[in-house]
Amino acid sequence: MSALVVRALERELLVYARTWRGNVFTSFIQPLLFLGAMGLGLGGLVDDAGGAAGTDYLVFVAPGLLAASALLSSAGESLWGVMGGVKWMGQFNSMVATAMVPGDVYGGLVLSTGVRSFIAAVPFLVVATLFGGVTSWLAPLALVPTVLVAMVGSAVLSAYSVTKQDDSTFPIIMRLGIIPLFLFSGTFFPVEQLPDAVRPVVWISPLWHGVEATRDATAGGVDGVTALHIAVLAAVLAAAVPMGVRGFTRRLTP
Amino acid sequence: MAGEALDGAPLVRARGLRKDFGGFTAVDGIDFEVRRGEVFGFLGPNGAGKTSTMRMVGCVSPSTGGTLEVLGLDPSSDGPAIRSRLGVVPQEDNLDTELSVWDNFIVYGRYFGLPRAVIKERAEELLDFARLTERRHDRVDPLSGGMKRRLTIARALVNEPEMVLLDEPTTGLDPQARHLLWDRLYGLKRQGVTLILTTHYMDEAEQLCDRLVVMDEGRIVDEGSPRQLIERHVTAEVVELRFAEPELQAKAEPVATEVADRYEALADRLLLYTDDGDATRRALADRGVEALTELTRRASLEDVFLVLTGRTLDD
């Protein structure tokens, strides 16, 4: 990676700015629909039955949705988006013909996913606050784990997709990888509801660390454990980046 | 300045250059030099190793053997420094199709670390060069093939490269678009930009190249100017004969040896190499050879390729 990584980021953000209409559903509307259906609709039932983890269900589920949506949108960009860049459209090939190196292209992608998740998270937090889903003044801190979840998703998934010749495995990754993470990372219900034997599996889910840290920020409860969750996300990111750089280098400069 | 190619020193110097992909050898030990200000071509059929060679020169593909020097520098250690002085036009346009024509210049210029003000100034000129000034605000996606190609070439000039690499620059374009592109490339040559191009069109190689190498199966089979290659390997003229029946062509072959310097039998026609087409045709008529169509033309690089490899460029 070189200093020109910011130029790759510029490109990603310009493309995002020019195509925002196509992204508006997955980035903004879809999370708000989830918030309405889960937080308000389902939440009414849950609260009548005694609430989740001792709070309003909306307060419980809003941070979960925030972090999980960041992962969902980053997955699409990092799977099909990368295949477009290296194969269907080939723009990544034009990028490495310049002063940039493949690691810059990869780094720009991961950074831009972080920026995009930030842009999507802010209105979500505002709306969640208006509906009473946020109870802590520290809620803006939730942006840190949210952005990290998106970057981890992008770093890991684009490191994977860049090694593929086509998109045939991507739906499987979504169905057997991302959706289970989305459902079972403490997003919609406390992990304590799961059988004891399964719980350790959840601990290795980066999304679970993201959800926990996000929830600490929006529902009150920021402490040393929150920092630990964030450290785990940062560590996964740090571990994925060298793999991604290697994958992009092999693919773009064979 | 250190690393700067001196005047007269070649911009590209390859010795025994190789590229292996696993067990497959794409480039099999080639030697060539490209001099400043010339248009240098790689002529050969698909799969000859032209693109692999270009990608090594463009520092986006490490060589697996031999030595390569580009602009006096080593691609394996100075890739970004070399690439920032090159313009690259790949075989497939890889423009940002969701962006406008103008944005494509801006984004691409930024990849070289250029300031926005500089890019904007150059983009104005390059729009004019590419004859796309009126389309500057349009998205790239709906542009015609020729326009996209011109944009790809113009975009590759945003860093004011010393050398431009063009891989199959006119493949897939209609004749009018090709001529417009050739005209633009002549313009670059006049400005002193060194051009390296690959092509499997012999007319393109003859039109544009000062010097070229003929490649086949990863090797260079000969090198020279188009004229030199033609003079070295073929006669001035070629008589092409097409026959109604394959048997008639087979029967004409023994006659061909008598009336021409040499001949090549293709699936659909007989090529007779001769310095005097008219005399050869008279001799054919005297010997009672009757072809369905007969034409005399100047020998071309296509013929050179056929003589050197026994195959046509389309094979």
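These legends go with several close-up views of a predicted model with chains A and B.

**View 1. Chain B as a whole, with its confidence scores.**
The model comes with an ipTM of 0.90 and a pTM of 0.91. In chain B the mean pLDDT is 92, and 97% of the residues reach 70 or more. Take residues 1–6 of chain B with some caution: pLDDT stays under 50 there, and the model gives this stretch six contacts beyond four places in sequence. Along its principal axes, the C-alpha atoms of chain B fill a box of roughly 75 × 45 × 35 Å. Inside that box are 11 helices and 13 strands. Of the 315 residues in chain B, 47% are buried. Looking at contacts in chain B between residues at least 6 apart in sequence, 69% link residues at least 24 apart.

**View 2. Where chain A meets chain B.**
Here 23 residues of chain A are in contact with 21 residues of chain B. On the chain A side, helix H1 (5–18) and helix H4 (91–95) each put in at least two residues. H1(A) gives the most, with six residues. As for character, the chain A side splits into 11 nonpolar, eight polar and four charged residues.

**View 3. The six-stranded open sheet of chain B.**
Read across, the strand order is S5-S6-S7-S3-S8-S9, with mixed pairing. Strand S5 (86–89) and strand S9 (219–224) of chain B sit at the edges with a single partner strand each, so one side of each has no neighbour in the sheet. Ignoring direction, neighbouring strands of this sheet are turned by 15° against each other on average.

**View 4. A parallel pair: S6 and S7 of chain B.**
Strand S6 (residues 163–167) and strand S7 (residues 194–199) of chain B run parallel, joined by five bridges. To find your way between them, look for B:Asp167, which stands opposite B:Thr198 in S7(B).

**View 5. An antiparallel pair and its turn: S8 and S9 of chain B.**
Strand S8 (residues 211–216) of chain B runs antiparallel to S9(B), and five bridges hold the pairing. One pair to pick out is B:Val213 with its bridge partner B:Glu223 in S9(B). The hairpin of S8(B) and S9(B) has two residues between the strands, and B:Glu217 takes a positive phi near 50° in it.

**View 6. The largest nonpolar core.**
This core counts 165 residues, and the ones with the most contacts inside it are A:Leu71, A:Val105, A:Val152, B:Leu165 and B:Leu272. Helix H3 (residues 57–88) of chain A gives the most to the core, with 17 residues. Zoom in on A:Val152: leaving aside neighbours within four places in sequence, A:Val152 is in contact with A:Pro206, A:Leu233, A:Val236, A:Leu237 and A:Ala240. As background, nonpolar side chains tend to be buried together in soluble globular proteins.

**View 7. B:Val12 and its surroundings.**
B:Val12 lies in strand S1 (residues 12–21) of chain B. With 23 other C-beta atoms within 10 Å, B:Val12 counts as buried, because the cut-off for that is 20 or more. Not counting residues up to four places away in sequence, B:Val12 touches B:Glu33, B:Val34, B:Val57 and B:Val70. For a sense of scale, the C-alpha atoms of B:Val12 and B:His137 are separated by 38 Å, with the two residues 125 apart along the chain.

Methods. Residues numbered from 1 in each chain as written. Chains lettered and ligands numbered in written order. Predicted model: local features only at pLDDT ≥ 70, side-chain atom pairs only at ≥ 80, totals over all residues. Contact = placed C-beta atoms within 7 Å. Helix = DSSP H or I, 4+ residues; strand = E, 2+ residues; numbered from the N terminus. Nonpolar A, V, L, I, M, F, W, Y, C, P; charged D, E, K, R; others polar. pLDDT = per-residue confidence, 0-100. Buried ≥ 20, exposed ≤ 12 C-beta atoms within 10 Å, placed from the backbone. Pairing = 2+ DSSP bridges. Axes fitted to C-alpha atoms, helices over the stretch in contact; angles between N-to-C directions. Core = buried A, V, L, I, M, F, W, Y, C linked by C-beta atoms within 7 Å.
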